[in-house]
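Reader: Hi! Mind if I fire some quick questions at you while I look at this one?
Author: Go ahead.

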Amino acid sequence: MAVKGDPDSPVSKGLACVKGYNSVQALSGPDRIRRALVRRNGTLVEVPLSDALDLVARKLKETTQQHGKDSVALYGSAQWSITDAYVASKLFKGALGTNNIESSTRLFGASAMSGLQGSFGLDGAIGCYEDIEHADVIVLWDVNLSETDPVLFSRMLDRKRANPAVRIVDVATRTTRTSYACDHSLLHAPHAGLAVANAICNEIVARKWVQRDFVTQHVAFKQGKTDIGYGLTDGALVGDDATDASWDEYVRFLADYTPERAQELSGLSAASIRWLASLYGDPQRKVMSVWGREVNQDVRGTWLNNLLYNIHLLVGKVASPGNSPFATTGQPSGGCAVHDAGTLTQTLPRGVVQNEADRRRAAEIWGVPMERIAAQPTAPALSMFRQLETGDIRFLWIMATDPMISLPNLDRYRRAAAKGDRFIVVSEAYPTPTTDVADVVLPAAMWLEREGIYANAERRAQYFERLVAPPGDATGDAWQLIEVGRRLGFGNLFPYGPASHVQQIWEEYGRFHAEPPSALPPIAALRAQPGVMWPYVAGRETRWRYNTTTDPAADRAHGGFDFYGHADHRAWIWLRPYQPPAESPDKVYPSWLTTGAVLEQWGAGSMTQRIPALHHALPHAYVEINSDDARDLGIRNRETVRLVSRRGSVEIEARIDYRSQPPRGQLFAPWFDESRLVNRLTLDACCPLSGQPDAATCVVRLERLSAPGGP
Ligand SMILES: Nc1nc2c(c(=O)[nH]1)N[C@H]1C(S)=C(S)[C@@H](COP(=O)(O)OP(=O)(O)OC[C@H]3O[C@@H](n4cnc5c(=O)[nH]c(N)nc54)[C@H](O)[C@@H]3O)O[C@H]1N2
Ligand SMILES: Nc1nc2c(c(=O)[nH]1)N[C@H]1C(S)=C(S)[C@@H](COP(=O)(O)OP(=O)(O)OC[C@H]3O[C@@H](n4cnc5c(=O)[nH]c(N)nc54)[C@H](O)[C@@H]3O)O[C@H]1N2
Ligand SMILES: [Mo]
């Protein structure tokens with residue numbers, strides 16, 4: 001087995017990254033889980049798969065009988081294929097009748113989703129990757145694409161190489177390999193995006209760069225709640241209660257955000273802010289903004305998404321080739337839209353549980369009584385683990401994700417999961433810190449060992465075949481869920497065959513999305529092509545939504561654009577103020593720590609650490625220190641230091657002038673390494689509108705372990 005990029009793929013154009021080229025080796029690590037495991041007297045022992053599935057079904061039934069249907073929960077993943085996700089939602093929401101289902105999507109994409117819904121009324125990207133080939137300016141807000149999406153970044157650099165006038169600007173908190181490859185690098189303090197984005201809008205208005213016709217015809221102004229807190233105690237999502245605002249009110253609101261004030265809040269110079277605004281404001285240039293996890297992972301992540309849309313809406317640079325505000329998202333099914341297939345507590349395969357019409361549609365397609373689908377959302381991801389802590393949740397099934405590494409404030413949730421009377425099922429391919437707390441482990445078939453469909457950030461559904469047999473008793477996640485559903489007596493809801501279930505499930509899911517705004521391609525089209533974008537209507541995919549020349553759901557009666565996601569057919573500019581983060585540097589914890597991904601390792605490292613070339617290239621996490629700070633502190637390259645936050649501490653190797661350079665007072669550490677759990681330090685505050693944790697940035701103290709300059 002070997003891997004090559006698919007030259008016919010319109011996304012990768014034949015390229016793969018170093019993880020892609022080595023990916024098949026992730027299937028054959030020596031400690032691959034091949035059999036089901038059940039914990040007996042403290043140790044996991046092999047059992048026949050059907051015994052393990054019987055036990056899972058029995059525990060599910062017992063727990064709901066004794067403690068009610070909301071005492072069981074499923075924590076899944078955007079690493080799921082869409083068909084896995086759909087079956088999971090059907091089993092929990094449609095069969096068991098609990099909304100206790102969440103996924104890792106909450107950790108990276110929830111604010112992208114709520115931001116799109118606030119600004120446009122629907123989730124799913126507006127534009128597409130092809131915008132790269134049309135843009136004159138590409139602004140990267142916080143994404144370190146040279147490490148986290150080198151294939152997409154290559155496409156941007158190709159655009160630049162072919163058209164030297166194209167400008168790529170990196171707006172970030174530290175200087176990375178991405179910054180070096182860009183034309184300009186602008187640094188600002190963590191959590192200052194709200195101030196910078198509002199100041200750009202202030203400057204666009206002051207310089208009269210606003211596209212008046214577009215704004216008059218297609219935009220409405222809205223005010224939301226401002227006293228929303230940090231989601232620390234109550235996990236319930238806060239609603240926005242939009243009220244109308246006027247243009248004059250918006251201009252008065254922006255008056256607080258002069259470039260000079262934003263400079264004070266962000267450390268980015270007023271001149272740089274004015275220059276950035278001039279790129280957006282220039283009527284001759286098409287602008288694409290790309291942002292990722294860090295914009296979303298903010299206690300005001302929804303607001304920050306809204307503000308980035310505001311910039312594009314003011315200058316009318318949206319929904320046309322090259323004019324594109326674009327949120328990239330992470331894991332394979334990370335496009336934060338319909339393909340989530342109902343795997344967040346509030347979502348159904350289409351719409352939300354609070355909406356009666358959405359519940360009725362789901363009940364009809366699933367063939368269940370409508371009353372079975374609970375009308376109130378339950379606990380978004382971190383609250384789900386807090387309920388495990390309190391005992392409100394007693395049975396938790398974790399699939400295709402490794403929360404005992406990836407959750408923030410990790411010690412708290414590791415303790416919760418380890419409590420004696422909690423029953424934890426983990427579907428996994430390898431032993432991980434999450435299987436360490438499992439009572440049952442179900443062996444998972446991985447990518448290429450089963451059929452499936454992923455959907456990427458540009459709304460492109462991509463089909464993959466089963467190419468090799470899974471090891472031992474390993475099966476796909478959907479099939480495990482189906483087997484447990486049948487054991488619970490819901491066989492009539494899961495009438496799928498072992499070889500045909502992916503096609504059957506995709507067709508059933510397609511019934512949720514039969515109308516133009518979100519119509520899905522048939523599986524035959526997916527099998528015939530390397531990916532198809534939805535909305536897919538009359539055999540054609542949609543590249544730019546809301547544009548009446550390209551989107552079959554948009555109505556020309558509204559002019560060039562029809563923002564049909566909102567009942568008023570307008571996109572909304574939100575008045576979102578700057579507010580400070582949940583914690584900021586102080587005397588005791590003087591440094592910002594930002595965390596993130598590195599090229600060689602994926603997610604929690606369980607797959608890439610089993611690939612020898614990647615493991616040897618970067619076996620362990622480290623902390624990067626600004627070289628001047630390191631000299632002042634007497635810290636030498638590669639000595640071990642201790643990082644301490646309000647929540648925990650980690651001993652870790654110091655790196656100076658390594659692959660990136662944090663500014664003074666700032667540190668950076670990747671979080672992939674199970675032997676150096678960086679998430680013991682991070683904070684579990686949330687954006688209260690989206691429920692997404694602000695997991696990636698917190699304040700810490702750096703301690704030396706040896707005498708200055710010593711060994
Ligand atoms: N501090 C900090 N924390 C973070 C982040 C950060 O930047 N900083 N990033 C956050 C982000 S963006 C994300 S997306 C999350 C990611 O966090 P996780 O979702 O925990 O990370 P992954 O490594 O993608 O986890 C996937 C797991 O599924 C297993 N697996 C692979 N294929 C299959 C399959 O087909 N079926 C099953 N059942 N299992 C399979 C893999 O072995 C792996 O253990 O972490 C978040 N946590
Ligand atoms: N090699 C590799 N690639 C991956 C992944 C992986 O695990 N490994 N995971 C995939 C997934 S699931 C995701 S979600 C994406 C994530 O990919 P990206 O969105 O690129 O995320 P990171 O590299 O984790 O962090 C981006 C940058 O944000 C900076 N930053 C921190 N705080 C702030 C802030 O307040 N404001 C601003 N403007 N910037 C800030 C950080 O220093 C960091 O350099 O990558 C995907 N690609
Ligand atoms: Mo992610």
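Reader: Why are α9 and α11 said to be oblique to each other?
Author: Their axes cross at roughly 120°, and α9 and α11 are therefore oblique. The wording follows fixed ranges: under 35 degrees is roughly parallel, over 145 roughly antiparallel, 65 to 115 roughly perpendicular, and the rest oblique. The axes are lines fitted to C-alpha atoms, for helices over the stretch in contact, with angles from 0 to 180 degrees between N-to-C directions.

Reader: Before I trust that, what kind of model is this?
Author: This is a predicted model, where local features need pLDDT of at least 70, side-chain atom pairs count only at pLDDT 80 or more, and totals for chains, interfaces and linings use all residues; side-chain values use heavy atoms, without hydrogens and water. Residues are numbered from 1 along each chain as its sequence is written, while chains are lettered from A and ligands numbered from 1 in the order in which they are written.

Reader: Thanks! Which residues make the contact of α9 and α11?
Author: From α9 there are N198, C201, N202 and V205, and from α11 there are W247, Y250, V251, F253 and L254. Contact here means heavy atoms within 4.5 Å. By class, the residues are seven nonpolar, two polar and no charged. In that scheme Ala, Val, Leu, Ile, Met, Phe, Trp, Tyr, Cys and Pro are nonpolar, Asp, Glu, Lys and Arg are charged, and the others, Gly among them, are polar.

Reader: And α9 with α15, at what angle do they cross?
Author: Roughly 15°, with the axes coming within 9 Å. That makes α9 roughly parallel to α15. Residues 193–206 form α9, and residues 301–314 form α15. Helices are DSSP runs (H or I, at least four residues), as are strands (E, at least two), numbered from the N terminus.

Reader: Is that crossing of α9 and α15 left-handed or right-handed?
Author: Left-handed, meaning that the near helix is turned anticlockwise from the far one by less than a right angle; clockwise would be right-handed. The α9 side of the contact includes L194, A197, I200 and I204, and the α15 side includes W303, L304, L307 and I311. Its residues divide into 12 nonpolar, three polar and no charged.

Reader: What about α9 and α13, how do they pack?
Author: Those two pack at about 65°, with axes 9 Å apart, and their crossing is right-handed. In α9, A199, I200, E203 and I204 meet I273, R274, L276, A277 and Y280 of α13. This contact has two charged residues alongside seven nonpolar and no polar.

Reader: Switching to ligands: how many residues surround ligand 1?
Author: 29 residues, counting those with a heavy atom within 4 Å, and the closest are T401, S406, E428, S606 and N679. A polar side-chain atom of E428 is 2.4 Å from an oxygen atom of ligand 1. Side-chain N or O atoms of R450 and W602 also pair with ligand 1 oxygen atoms, at 3.0 Å and 3.1 Å. The limit for such polar contacts, pairs of N or O atoms, is 3.5 Å.

Reader: And which residues are closest to ligand 2?
Author: T148, H191, R293, Q601 and G603, out of 26 surrounding it. A backbone N or O atom of G603 lies 2.7 Å from an oxygen atom of ligand 2, and a polar side-chain atom of E294 lies 3.1 Å from a nitrogen atom of ligand 2.

Reader: Where does H191 lie?
Author: In the loop between β7 and α9. H191 has a positive phi of about 70°, although it is not a glycine. Most residues other than glycine have a negative phi, and most peptide bonds are trans.

Reader: Which residues does a cis peptide bond join?
Author: W534 and P535, with omega about -5°. P535 is in the loop between β17 and β18.

Terms used:
A polar contact is a pair of N or O atoms within 3.5 Å; within protein, one must be able to donate a hydrogen and the other to accept it, and residues adjacent in sequence count only if both atoms are side-chain atoms.
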